[in-house]
Amino acid sequence: MDIQLPVLAPSILASDYSKLGEQIKECEQGDAKWIHCDIMDGHFVPNISFGPDIVKAVGRVTDLFLDVHLMIENPERYIEHFVDAGADQITVHYEACTHLHRTLQLIKQHGALAGVAVNPATSLQNIEPILDLVDLVLVMSVNPGFGGQDFIPKTYERLEEMAALRSSENYNYLISVDGGVNLDNIDKVSRAGADVLVAGSAVFKAKNIPGRIKELQKKAKAGSKEWV
Ligand code: DX5
Ligand code: ZN
């Protein structure tokens, strides 16, 4: 994947689903490179969002990179469906996988990039055994299930920890952060080590979506160590 980091990933969970196609076009106008799709099953998280058919519909209106975040139990049962629907990357939760290593291998066997997500209460040490396998580590900065929650400040240290581990062990994963990212904190979040900044409300609740994406991207870049 050839992209400039940090990259903003608008989460369509906060979009107006009655205008999904138009709002994705607005993301393109704002020069977004990724679209983040939040899949919730009502079991792993206390909310239900959408499934592979909507991901497929997103893929019909855009060629942007589809970053699919599975907040579902037993995600291994659905990997093939999401790859067929056009997912470029699939991220599963550490907490939702009995056989995490096997599930990550399955994602790769199907030709998608593989990510692992960790909830705020999960120690990052738990994912160390599989870090050589993953393309992305998603550090949750809210408890998953809903958009519009406040960023948990402890996340800064957790991002720094993942960045330090990557350089000391020569891993290749991107570091993603998801939840409560907005104009006020995006520079600091990026500075702490996030390469991928997922933002739902901060993008889709704005009056001018392309303008807001550009503003967020600019601040993320200004905060990033890569650009100073
Ligand atoms: C939370 C989801 C997030 C959420 C982010 O469970 O994984 O992607 O949509 O939304 P905001 O940016 O509104 O916190
Ligand atoms: Zn998400």
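This report describes the surroundings of ligand 1 in a predicted model and then the place of one glycine.

Ligand 1 is surrounded by 20 residues, and the closest of them are Asp38, Gly145, Asp178, Gly200 and Ser201. Sorted by class, this shell holds 8 nonpolar, 10 polar and 2 charged residues.

Three polar contacts to oxygen atoms of ligand 1 are set out below.

| Residue | Protein atom | Partner | Distance |
|---|---|---|---|
| Ser11 | polar side-chain atom | oxygen atom of ligand 1 | 3.1 Å |
| Asp38 | polar side-chain atom | oxygen atom of ligand 1 | 2.6 Å |
| Gly148 | backbone N or O atom | oxygen atom of ligand 1 | 2.8 Å |

Taken alone, ligand 1 exposes 380 Å², and the protein buries 99% of that area. The space that ligand 1 takes up is the largest pocket. Strand E2 (34-40), strand E3 (65-71) and strand E8 (196-199) are the elements that each give two or more residues to the shell around ligand 1. E2 supplies the largest share, with 3 residues.

Strand E8 also bounds the loop in which Gly193 lies; helix H6 (186-191) is on the other side of that loop. Is Gly193 buried or exposed? Its relative accessibility is 15%, so Gly193 counts as buried, the cut-off for buried being under 20%. Gly145, one of the closest residues to ligand 1, is 48 residues away from Gly193 in sequence. In space, the C-alpha atoms of Gly193 and Gly145 are 24 Å apart.

Methods. Residues are numbered from 1 along each chain as its sequence is written. Chains are lettered from A and ligands numbered from 1 in the order in which they are written. This is a predicted model: local features need pLDDT of at least 70, side-chain atom pairs count only at pLDDT 80 or more; totals for chains, interfaces and linings use all residues. Side-chain values use heavy atoms; hydrogens and water are left out. A residue is near a molecule or strand if one of its heavy atoms lies within 4 Å of it. A polar contact is a pair of N or O atoms within 3.5 Å; within protein, one must be able to donate a hydrogen and the other to accept it, and residues adjacent in sequence count only if both atoms are side-chain atoms. Accessible areas come from the Shrake-Rupley method with a 1.4 Å probe; for residues, only the protein chains shown count as cover. On a 1 Å grid over the protein atoms alone, a cavity is a set of points where a 1.4 Å probe fits but cannot get out, and a pocket is an open set with protein on both sides within 12 Å along at least five of seven lines; lining residues have an atom within 4 Å of a point. A molecule sits in a cavity or pocket if more than half of its atoms lie within 2 Å of its grid points. Helices (H or I, at least four residues) and strands (E, at least two) are DSSP runs, numbered from the N terminus. Ala, Val, Leu, Ile, Met, Phe, Trp, Tyr, Cys and Pro count as nonpolar, Asp, Glu, Lys and Arg as charged, and the others, Gly among them, as polar. Buried means under 20% relative accessible area, exposed over 50%, partly exposed in between (1.4 Å probe, protein chains only).
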